[in-house]
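These are my notebook entries on one protein chain. I recorded what I looked up, entry by entry.

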Amino acid sequence: MMGNKRRAVASGGAHSLPEEMMTEVFLRLPVKSILRFRAVCRSWNAVLSSEEFCCLHMAKVGSKSAPPNLFFTSQTAGFDATAVYSSSSSGPDDGLLFTLDGVRGGDFIHMTPAPCRGLTLLHDPFAPAYYVFNASTRAVTRLPPCHNALCVTAGLGFDARRKKYKVVRLFLGDFGDKQHIKCETYTLGGDHGDYWKPPAAGVPFRFCRAAQATISHARHNKVLPVFANGFLHWLIPPSFVVERPRAAILSFSVTDEIFSWVQSPPFEVSGVHLVELAGHLCMVRDLRHVGMLETWKLNGYGSGGWSLEHRIDLLQHISRHDVIEPEIVRVIGSVGSCGSTKRIVIATSKCKVIIYDPVSHTVETATAIRETHSSYQAEKLALSSVSLFQESLVPVHQTNKERALSVPLAKATREILLRLPADCTMRCKLVSKQWLSLIEDNSFMRSSLT
């Protein structure tokens with residue numbers, strides 16, 4: 001464990017314990033305590049910041065049988081920022097995790113319903129801008145500007161070969177573009193700089209019509225692609241499946257950056273949605289007209305086919321008002337011990353969270369998401385800003401610009417520039433590229449107005 005070294009880790013200078021024992025102690029601590037202990041000494045910081053410890057901690061958290069916790073976004077009272085709250089608290093100001101200044105998307109924000117190995121993707125369509133954050137550590141990065149498109153869908157995945165996170169955008173290009181359907185990827189902490197790039201093969205012609213259909217479907221239904229087994233998956237709407245009955249899903253390999261088809265399940269893909277459960281891609285059938293939900297698991301990308309995993313009786317111990325009346329009922333993930341025994345988390349557009357236990361076949365209401373500041377109430381948008389909370393130490397790689405602006409000299413320069421008259425500040429743009437970047441940064445412009 002931790003490099004198979006048995007060196008001792010100092011504790012207060014008087015006593016020492018083997019590193020293996022200290023690691024086992026640290027693994028049982030919450031993220032908040034681990035972050036504090038990183039400041040104790042350099043040796044602790046090295047151990048607690050290592051990639052190996054982060055992976056061990058993620059596995060430990062995944063094996064716990066804890067009740068589900070969610071977080072959600074809400075506009076601040078002044079509608080000039082977006083706050084991220086934990087659903088485990090009921091007070092008006094309790095549970096505040098962090099605030100995203102300048103994010104004004106409000107009810108139109110899109111957020112991945114479950115973390116991808118500890119990280120969450122958020123899209124503010126008004127800016128437009130993409131953010132990746134770790135809700136446990138409160139670390140946030142705003143991705144570099146990208147091509148503005150009205151019709152776009154994006155997802156977050158993990159490249160297991162390179163150990164890097166990637167954001168993938170699928171969107172409609174500008175009118176008159178030779179290639180109408182476009183794809184871009186951004187690698188967090190990549191070796192080739194802070195920019196979006198198209199995959200080497202682009203979007204092959206045979207996938208263009210399906211891609212256009214999935215973009216429209218994702219935009220209309222307010223859903224993001226689902227990451228599982230190294231692929232991002234977009235559901236193809238039924239109108240397209242009629243023309244190509246053997247394909248129900250468009251997939252994109254995050255590692256190889258190529259598109260492919262996923263075969264259709266043995267039923268009509270109407271009233272369904274995709275979700276990752278216990279590491280597998282699953283399709284959920286909404287059969288609420290008979291009080292049921294079904295989850296089907298993809299057994300393989302070749303000829304594995306689909307198999308029925310769970311048939312969930314929603315009316316068992318749950319009122320009809322909570323599960324039948326909401327416009328949307330969606331499975332957003334699973335929690336608990338490893339394996340197929342994980343409990344399934346179901347969210348409704350009436351802000352209720354329901355837990356299904358596949359062992360006891362019982363259903364219970366777990367929690368309710370409290371009301372927030374909202375400028376536009378609509379059930380279809382209710383679930384786009386709710387996500388499962390996962391304890392994680394995974395670092396969030398900042399962009400080169402963010403790192404440059406975070407050094408002490410840049411911070412001091414920023415404070416000086418904020419105190420200058422507007423005309424002087426504008427002339428300071430000519431001093432250097434770094435000053436130009438600092439002054440044109442969104443956070444600087446907002447601070448100068450306050």
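**Entry 1: Asn134**

I looked up Asn134 and found a relative accessibility of 0%, so Asn134 counts as buried (under 20% relative accessible area is buried, over 50% exposed and in between partly exposed, with a 1.4 Å probe and protein chains only). Asn134 belongs to strand β8; strands (E, at least two residues) and helices (H or I, at least four) are DSSP runs numbered from the N terminus. I note that the model is predicted: local features need pLDDT of at least 70, side-chain atom pairs count only at pLDDT 80 or more, and totals for chains, interfaces and linings use all residues. Residues are numbered from 1 along each chain as its sequence is written, and side-chain values use heavy atoms, with hydrogens and water left out.

I then listed the neighbours of Asn134, taking contact to mean heavy atoms within 4.5 Å. Leaving aside residues up to four places away in sequence, Asn134 touches Gly118, Leu119, Ala139, Ser392, Leu393, Val394 and Val396. For Gly118 I noted a separation of 16 residues in sequence and a C-alpha to C-alpha distance of 6.3 Å from Asn134.

**Entry 2: Arg142**

I located Arg142 in strand β9, residues 139–142. Its relative accessible area is 27%, so I entered Arg142 as partly exposed. Arg142 and Tyr131 are 11 residues apart in sequence, and their C-alpha atoms are 4.5 Å apart.

**Entry 3: Val223**

I placed Val223 in the loop between α5 (205–221) and β13 (226–228). Is Val223 buried or exposed, or does it fall in between? With 23% relative accessibility, Val223 counts as partly exposed. Not counting residues up to four places away in sequence, I found Val223 touching Thr153, His217, Ala218 and Arg330. Thr153 is 70 residues from Val223 in sequence, while the C-alpha to C-alpha distance is 8.4 Å.

**Entry 4: Backbone geometry**

I searched the backbone with one rule in mind: most residues other than glycine have a negative phi, and most peptide bonds are trans.

The peptide bond from Ala127 to Pro128 is cis, with omega near -15°. I found Pro128 in the loop between β7 (120–124) and β8 (129–134).

Glu257 is not a glycine, yet I read a positive phi of about 55° for it. Glu257 sits in the loop between β15 (247–253) and β16 (259–263), and its 8% relative accessibility makes it count as buried.

His361 also has a positive phi, near 60°, in a residue other than glycine. I located His361 in the loop between β23 (352–357) and β24 (362–368). At 46% relative accessibility, His361 counts as partly exposed.

**Entry 5: Helix α1 and its partners**

I listed the buried residues of α1 as Glu19, Glu20, Met22, Thr23, Phe26 and Leu27. Viewed down the axis of α1, these residues fall within an arc of 160°, so they line one face of the helix; the arc is that of the directions from the helix axis to the C-beta atoms.

I next examined α1 (residues 19–27) against α4 (residues 51–62): their axes come within 10 Å and cross at roughly 50°. Axes are lines fitted to C-alpha atoms, for helices over the stretch in contact, and angles run from 0 to 180 degrees between N-to-C directions. I therefore entered α1 and α4 as oblique to each other (under 35 degrees is roughly parallel, over 145 roughly antiparallel, 65 to 115 roughly perpendicular, and the rest oblique). The crossing of α1 with α4 is right-handed, meaning that the near helix is turned clockwise from the far one by less than a right angle, whereas anticlockwise would be left-handed. From α1, Thr23, Phe26 and Leu27 meet Phe53, Leu56, His57 and Lys60 of α4. I sorted the residues of this contact into four nonpolar, two polar and one charged (Ala, Val, Leu, Ile, Met, Phe, Trp, Tyr, Cys and Pro count as nonpolar, Asp, Glu, Lys and Arg as charged, and the others, Gly among them, as polar).

For α1 and α3 (residues 42–49), I noted axes 11 Å apart and a packing angle of about 65°. α1 passes α3 in a right-handed crossing too. Here Glu19, Met22, Thr23 and Phe26 of α1 meet Trp44, Val47 and Leu48 of α3. I counted five nonpolar residues, one polar and one charged in this contact.

**Entry 6: Whole chain**

I recorded 13 helices and 25 strands for the protein chain. Of its 450 residues, 47% count as buried.
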